[in-house]
Structures are given as C-alpha cells and as structure tokens.
Amino acid sequence: MFDFHMHSDFSADCNVSMEEMVVGSINKGLSEICFTEHIDYEYPDDSIVFEFDLNKYDDELKRLQQKYEGKIRIQKGIEIGVQPHILHKYEKLMDEETFDFVICSMHTTAKKSLHYKEIFEGRTVEEAYQLYYDELLACIKNFKRFNVLGHVDLVKRYSDEPSSNLFHEELATIFKEIIPEGKGIELNTSGVRYGLSHAMPSDDVLKLYKECGGEIITLGSDAHRVSELAFHFRESLELLQSIGFDYIATFDKQEPVFHPIQQLL
C-alpha cells in the first residue's frame, strides 16, 4: 500500500518528526510513502510560514532512505499552494530543486486563506465556489510543473452549507486542461477525517474525472499525525474500483508508476 500525501515537522502545521512518520508507516504495513511538505508562498496569515529549509529536508530524507532501506520506499515530494500572482516563484523553485512528486494545491482564494472562510463573506456559496475554481483554472493554465491536483474540491471543506451547483462544467474544463498533459488528481482521504461525508474529491467528481478520460490518480491521507496514516484507504480503493479505475499511481522522478487496485485489496 502507498500513502502519497503526508507531512512532518518540516511543514509548519505539523509537529511530528519525519522518522516517526516513517516508523508509523512501516508499522501500518505501507511499502511506499511520499512526504509532501507544504510550501505556500505569501500565505495570508502572518502567524504561520509555510516554507522550510530545503537542504535540511533533502538531507533528512536521504538519511531515512538509507536507514530504512529494504523496509520501506521513501519518496521526496512537495505540496505547493498556488495563487495566480505568485506562479513565478514556483517556477523558480522547480528550476532549483528536484522532487519525485509535486502536488498542486490551492489553499487560498482572492489572497484569503480558505481556512478562515473569508471568501464566503459577502458572497453566496455559489459565488465563492466560482471564484475558487476560476482561480484554480487560471493557475493550471499558467503553471505546468506539477503531477497531480491536490484535493481539487477543497473549498467544500470550508463551506458551512452545500452549493446547489456541482460545478461539473468548471471541473471538466480543469480536467480537460490537465489530462492531455499527463497530469492527474489525488484522492485525499482527509475529507472524511474532517467531517465530510466523502474524501476529496467527492464521488461525483471522481466519476467526472473518469468520464473526461482521467487515469492518473494517487491516494493520500494528508496525515499530520501517525494515527492518520493510510486513513480510510481500503474504502477509497473500493470506491475507485467501483467507479472504473483499475490502477492507482505512485511517482518516481515525476513519472507515474501504476499499481493494480485489485492487488491492493
């Protein structure tokens, strides 16, 4: 089993060491993991800085890869928080660093953190969702150096009420932009952990992605604690299989590797 979205204390919102996460992954029977630490340039909250020492990150990864060789495969990833006006900063990051896996996420909209629900102030739920998807589309049209979109319908997690619009047209436009470029999406199981009735994206969005021709899909717990590793994975694999996905992907040097779901169940 593979968990391709997890954090350690290199991420500003996590206080668990990398080694603790590695040992926890081994104890859960995982064969491959990928650390996807947060870099959110210009995150709109001065009390938290989503940046870290990339040299120390690389050194610690290499140390753990050597120490636990033969017990678990550890990949080097990153989760970048895009905003339309700072894409050039991520271009520079990708020029200077190498990663096995890059998740493109959007944690802010209109330069406001989704976490604080500010995009819903003075807007209808539909207007806020529209703004979120418009900005996400703008980002992926102008920035291409990623492998999957992270929790593509994250905005739902912060909405106090559901939208009457499923925004399938907007999502289909996003999928038709990334699929021909060999990019995919993740199924992020933290949605269930945070009280949603589904992972992110929801079942209807997964079906839409499949209908649009999407095949690349990774599975990640978005764990910030050892107890969250591989959360809700079996149920998620069964869901993906029921929708018609035959494989989940991992990444090595930003190239997808496909694993039959049937062999993981």
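Where does Pro201 sit in this structure? In this predicted model, Pro201 is placed in the loop between helix 6 (190–193) and helix 7 (203–211). Take a look at the bond leading into Pro201: the peptide bond from Met200 to Pro201 is cis, with omega near 10°. That stands out, because most peptide bonds are trans.

**Two alanines with a positive phi**

Now for the backbone angle phi. Most residues other than glycine have a negative phi. Ala110 goes the other way, with a phi near 55°. You'll find Ala110 in the loop between strand 5 (108–109) and strand 6 (112–113), and Ala110 counts as partly exposed, at 29% relative accessibility. Ala230 also has a positive phi, of about 60°, although it is not a glycine. Look for Ala230 in the loop between strand 9 (217–220) and helix 8 (233–243).

**Salt bridges**

On to the side chains. Those of opposite charge can pair when their charged atoms come close. How many salt bridges are there? The count comes to 18. Here are some of them:

| Pair | Closest N to O |
|---|---|
| Glu19 and Arg63 | 2.8 Å |
| Lys89 and Glu42 | 2.9 Å |
| Lys76 and Asp58 | 3.0 Å |

Start with Glu19 and Arg63, whose closest N and O atoms are 2.8 Å apart. Glu19 belongs to helix 1 (residues 18–27) and Arg63 to helix 2 (residues 54–67), so this pair ties together parts that are 44 residues apart in sequence. Arg63 is partly exposed, with a relative accessible area of 35%.

Next come Lys89 and Glu42, joined by a salt bridge at 2.9 Å. Lys89 is in helix 3 (residues 87–96), while Glu42 is in the loop between strand 2 (32–39) and helix 2, so the pair links parts that are 47 residues apart in sequence. Both partners have an accessibility value: Lys89 is partly exposed at 31%, and Glu42 is partly exposed at 41%.

What about Lys76 and Asp58, buried or exposed? Lys76 is buried, and Asp58 is buried too. Their side chains meet in a salt bridge of 3.0 Å, N to O. With Lys76 in strand 3 (residues 73–81) and Asp58 in helix 2, the pair ties together parts that are 18 residues apart in sequence.

Which residues are joined into one network by salt bridges that share partners? Glu19, Glu60, Arg63 and Lys67 are. Two of those names, Glu19 and Arg63, you have already met as a pair in the table.

Conventions
Residues numbered from 1 in each chain as written. Predicted model: local features only at pLDDT ≥ 70, side-chain atom pairs only at ≥ 80, totals over all residues. Heavy atoms only, no water. Salt bridge = Lys/Arg side-chain N within 4 Å of Asp/Glu carboxyl O. Helix = DSSP H or I, 4+ residues; strand = E, 2+ residues; numbered from the N terminus. Buried < 20%, exposed > 50% of the residue type's maximum accessible area, 1.4 Å probe, protein only.
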